[in-house]
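The following exercises ask the reader to work through a protein model step by step. Please attempt each task before reading its solution.

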Amino acid sequence: MTLTPAHPMEREKRNIYISGKRTSLLLETYIWRELDRLSLDENITLDEICTSIDQCRDPNFNLTTVIRYLTMKVHTLKDQSHHRSPRPKEMAEAPMAFPSAFYKALENIRDLSHANLNDRPDQNS
């Protein structure tokens, strides 16, 4: 039997626990893969990742939308760190600096949540 790869926009539903309460999230398969990779990189569970995101987001923002945003932001931050000037060999072998891309992205979500969305420059009255 041959396994065919999932279409990038195919969605998958998973049950997770956010602050101890079970909920189901429907996300694209590639987002789940990114969350799984993030879980391994940060050594925390998917439940802990989703709980952290939920606690940082503005309640007016949809949780799945914020999760998608976070995965994109983490990917962007990691990509930016790879394109910086080369570090000396002894620094390159050092463990990853804190805060990681995940925690920087969480801060970005927190900042978005505290911003006054009515004062955005892209809105015209």
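The exercises below begin with the whole chain and then turn to single elements and residues.

The model is predicted: local features need pLDDT of at least 70, side-chain atom pairs count only at pLDDT 80 or more, and totals for chains, interfaces and linings use all residues. Residues are numbered from 1 along each chain as its sequence is written, and side-chain values use heavy atoms, with hydrogens and water left out.

**Exercise 1. The chain as a whole**

Task: State how many helices and strands the protein chain has, and give the order of its elements.

Solution. Step 1: Apply the rule for elements, by which helices (H or I, at least four residues) and strands (E, at least two) are DSSP runs numbered from the N terminus. Step 2: Under this rule the protein chain has five helices and two strands. Step 3: Read from the N terminus, the order is β-β-α-α-α-α-α. Step 4: Turn to burial, where buried means under 20% relative accessible area, exposed over 50%, and partly exposed in between (1.4 Å probe, protein chains only). Of the 125 residues in the protein chain, 29% are buried. Step 5: Consider contacts, defined as heavy atoms within 4.5 Å. Taking contacts between residues at least 6 apart in sequence, 57% join residues at least 24 apart.

**Exercise 2. The largest nonpolar core**

Task: Identify which residues touch the most other members of the largest nonpolar core, and which element gives the most to this core.

Solution. Step 1: Recall that a nonpolar core is a set of buried Ala, Val, Leu, Ile, Met, Phe, Trp, Tyr and Cys residues joined through side-chain atoms within 4.5 Å. Step 2: The largest such core has 25 residues, and Leu35, Ile53, Ile67 and Leu70 touch the most other members. Step 3: Two or more residues each come from β1, β2 (21–28), α1 (29–42), α2, α3 (63–82) and α5. Step 4: The most come from α3, which gives six residues. Step 5: For Leu70, set aside the neighbours within four places in sequence; its contacts are then Leu38, Ile53, Phe102, Ala105, Leu106 and Ile109.

**Exercise 3. Two helices in contact**

Task: Describe how helix α2 and helix α5 cross, and which residues make the contact.

Solution. Step 1: Axes are lines fitted to C-alpha atoms, for helices over the stretch in contact, and angles run from 0 to 180 degrees between N-to-C directions. Step 2: The axes of α2 (residues 46–56) and α5 (residues 101–114) come within 8 Å, crossing at roughly 25°. Step 3: α2 is therefore roughly parallel to α5, since angles under 35 degrees count as roughly parallel, over 145 as roughly antiparallel, 65 to 115 as roughly perpendicular and the rest as oblique. Step 4: From α2 the contact involves Ile49, Ser52, Ile53 and Cys56, and from α5 Phe102, Leu106, Ile109, Arg110 and Ser113. Step 5: These residues comprise six nonpolar, two polar and one charged; Ala, Val, Leu, Ile, Met, Phe, Trp, Tyr, Cys and Pro count as nonpolar, Asp, Glu, Lys and Arg as charged, and the others, Gly among them, as polar.

**Exercise 4. Buried residues and their partners**

Task: Decide whether Ile16, Thr51 and Leu106 are buried or exposed, and list their contacts beyond four places in sequence.

Solution. Step 1: Ile16, in strand β1 (residues 11–18), has 2% relative accessibility and so counts as buried. Ile16 touches Lys21, Arg22, Thr23, Leu25, Trp32, Asp47 and Cys50. Step 2: Thr51 lies in helix α2 and is buried, with a relative accessible area of 15%. The partners of Thr51 are Tyr17, Ile18 and Ser19. Step 3: Leu106 belongs to helix α5 and, at 4% relative accessibility, is buried. Leu106 touches Ser52, Ile53, Cys56 and Leu70.

**Exercise 5. Positive phi angles**

Task: State where Ser19 and Asn43 lie, and what their phi values are near.

Solution. Step 1: Most residues other than glycine have a negative phi. Step 2: Ser19, in the loop between β1 and β2, has a positive phi near 50°. At 48% relative accessibility, Ser19 counts as partly exposed. Step 3: Asn43, in the loop between α1 and α2, has a positive phi near 60°. Asn43 is exposed, with a relative accessible area of 70%.
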